[in-house]
Amino acid sequence: MINQGSKVLLDVKNLKASVDGVEILKGVDLTVHAGEVHAIMGVNGSGKSTFSKVLAGHPDYSVTGGSASFAGKELFALEPEERARAGLFLAFQYPVEIPGVSNSALLRMAYNTLQNERGLEELDPLEFEDLMQEKIKVVEMDPSFLGRSVNEGFSGGEKKRNEILQMAVLEPKLAILDETDSGLDIDALRIVANGVNSLLTPDNAVVMVTHYQRLLNYIVPDYVHVMSGGRIVKTGGKELALELEERGYDWLRAAA
Amino acid sequence: MSAREQCFEQLLLGRAAPSAGWLNDVRAAALASARALNFPSERHDDWRFTDLSPLFQHGFHPVVSFARLTLADIEKFLVAESIRLVFVDGSYSAELSDLTRAGSGVVVKSLIECLGDQQVENHFGQHAHYLQDAFVALNTNFFEDGAFVHVAGAVAAPVHILHIATRRETPSAIYPRCLVVMEPNSHATVIEDFAGHDGNDKQDGVYFSNAVTEVVLKDYAQLRHVRVQREEKSAFHIGHGSVSAAKGSVYTSTALAFGARVSRHSLHVTQQGEGAEMHLNGLALITGRQIADTHTQIEHAVPRGKSTQLHKCIADGASHAIFSGKIVVHVGAKGTDSTQSSRNLLLSGKAHIDTQPQLEIFNDDVSCKHGATVGQIDADALFFLKSRGLTEERARNLLTHAFAAEIIDKIPVPSLVASLGRTMLKENI
């Protein structure tokens, strides 16, 4: 929801980034206020996934120019874990499987890290279990998933739901959802979208990175940005996504 | 005299505990064998990866007066609801032991108290060959006492054999010994636990723990055998196990090596009867300048044996882990089914892992598979954990723990699994 005068959460200016010496982002500008939902769309290779990874601090990418402030902090001066503690969250396109680490142990460790950061009490396993009983409802997840190793043997849909469960537990200021809709059937898509919607407040924001308009039927964006050739080449309202669905991306690529 | 010769001569100055007639004969033969064999040469094929020179820097003295510990001293090593035998520097401590859960059908006792037992006389020294191995020979001659576990029927409570080494002014040599005899159709869980008692002083305790274990499984017996080596980081540990598996028996071993400056565990399992199963799981988790060597040999001597093996090494710092696993399928051992996997994690550029899976097959009609991998911490998993707020150190530690957990979780004693897991996460190893 767009609120005049709400706080700026993320302010990216002329961001340039490369991987293995190849420049992928060639000057990205994006401002996200509290309460807003943004969608970044574009074809494969347009740089949209790179953008989300650069914001989260993936070590394979180097920032070569521009700046980004997040919640009043210089984002690129922070380690990935410091970004997370400052309230940035990335839902991964391909969530990793971690055999031997239980989902609940990881969630509790991550949650307590944030509690420390916020100067709040850590939760012991029993207290945390109570919290989890509430949180798993957000993504309609079977409690047995909590005791299993992180993402091990999960279906594609279950992995994505698990990402949203982590978001529900960590309550980030800004969540970046990287292709969260890819590989989801329609039921899983609905569950994931409902989960995200239930977590939206006037104080946080969501940036969805997606190829398809489909997700935006469920999580309605305030702004739609089109990325092409490492830049945002067009910004509009939710109707822009529909136009893209109809016309494809070629007309914009030509414009860029 | 070289350091190596001096070290050996010093060990030979130990004294053998007084004992019954037949054992005196065995000890004498073992001592003669030790003298003849001496320390294995670095050119010996089974020892070429293992640098014993740090051991030779010390002269190890026999323990003559035994320390008295209280239950509070060893509390952190205790396994709840177990039948417990405790040895302090190789000597049996009746006070610290708890045999109340040993019901009928099971004998858990000091070996020296059982020298009159026919099973002890029949099996002691018959499986771990003191004529072939100097360390086995030294143990056989010098052991002060040991554990004797004799099971008929099924024992629900795990048998916990705890060897505690105390700190002494001069480096000491201790010789843990164990004999397990499983009668036909019997079931049991035995935990052998080698731990250093860190007193209040911060000084490192140097000692040499030279252990020998013999296990006999009669027809259709099942033993779950756990071995935890958590000696002090400046100690030396050489352990040898010999297992004989009769018809239809199932032997499952989970052996962990965490401690000691230099450690070696050699385990020799022989399938003597048709259809026996042997499952060997191992983990070495080391750092600093530690050396941990695991040598295993599984022999399929008769038909339709089954063996599985999963061994993991995790090496940090400038440590050196060695795994050599040999599987021999003898002539006539038809229908053998064997798999072996060696998986390794290198945590530092200065650490070193040697892995040597070996298959020797003198037969057809068998199924044998083996493989080895060496990897590093998965970069994607590391980034994922950091993106959830965990520090680099915490994330690496968690991933290391997860790699180790696959082995530790195989221990059939949940309370021990939990306490080892907590220790690992806390100690940041």
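How much area do chain A and chain B bury between them, and what share of it is on carbon and sulfur atoms? About 1900 Å² is buried, 72% of it on carbon and sulfur atoms. Buried area here is the accessible area (1.4 Å probe) that two parts lose on being put together, summed over both.

This is a predicted model: local features need pLDDT of at least 70, side-chain atom pairs count only at pLDDT 80 or more, and totals for chains, interfaces and linings use all residues. Residues are numbered from 1 along each chain as its sequence is written, chains are lettered from A in the order in which they are written, and side-chain values use heavy atoms, without hydrogens and water.

**Stop 1: the interface**

Select E81(A), F92(A) and M109(A). These three supply 27% of the area that chain A buries against chain B, more than any other three residues. Now widen the selection. The contact (heavy atoms within 4.5 Å) takes 26 residues from chain A and 17 residues from chain B.

Next, pick E163(A) and R388(B). Their side chains meet in a salt bridge at 2.9 Å, N to O. The term means a side-chain nitrogen of Lys or Arg within 4 Å of a carboxyl oxygen of Asp or Glu. The count between the two chains is 1 salt bridge.

Colour the chain A side by element. Those giving two or more residues to the side that touches chain B are α2 (80-86), β6 (88-91), β7 (98-102), α3 (103-117) and α6 (156-170) of chain A. Helices (H or I, at least four residues) and strands (E, at least two) are DSSP runs, numbered from the N terminus.

**Stop 2: two helices of chain A**

Select α3(A). Its 15 residues should span 21 Å at 1.5 Å a residue, and its end C-alpha atoms are 21 Å apart, which agrees. The expected span is 1.5 Å times one less than the number of residues. Among its buried residues (under 20% relative accessible area, 1.4 Å probe, protein chains only) are L106(A), M109(A) and L114(A). After α3(A) comes G119(A), with a positive phi near 75°.

Move to α1(A), residues 48-56. Here 8 of 9 residues are buried, including F51(A) and L55(A). G57(A) follows, with a positive phi near 95°.

**Stop 3: a strand in chain B**

Select S244(B), in strand β12 (residues 236-245). Is S244(B) buried or exposed? S244(B) is buried, because its relative accessible area is 11%. Add H127(B): the two are 117 residues apart in sequence and 7.4 Å apart in space, C-alpha to C-alpha.

Technical notes:
Buried means under 20% relative accessible area, exposed over 50%, partly exposed in between (1.4 Å probe, protein chains only).
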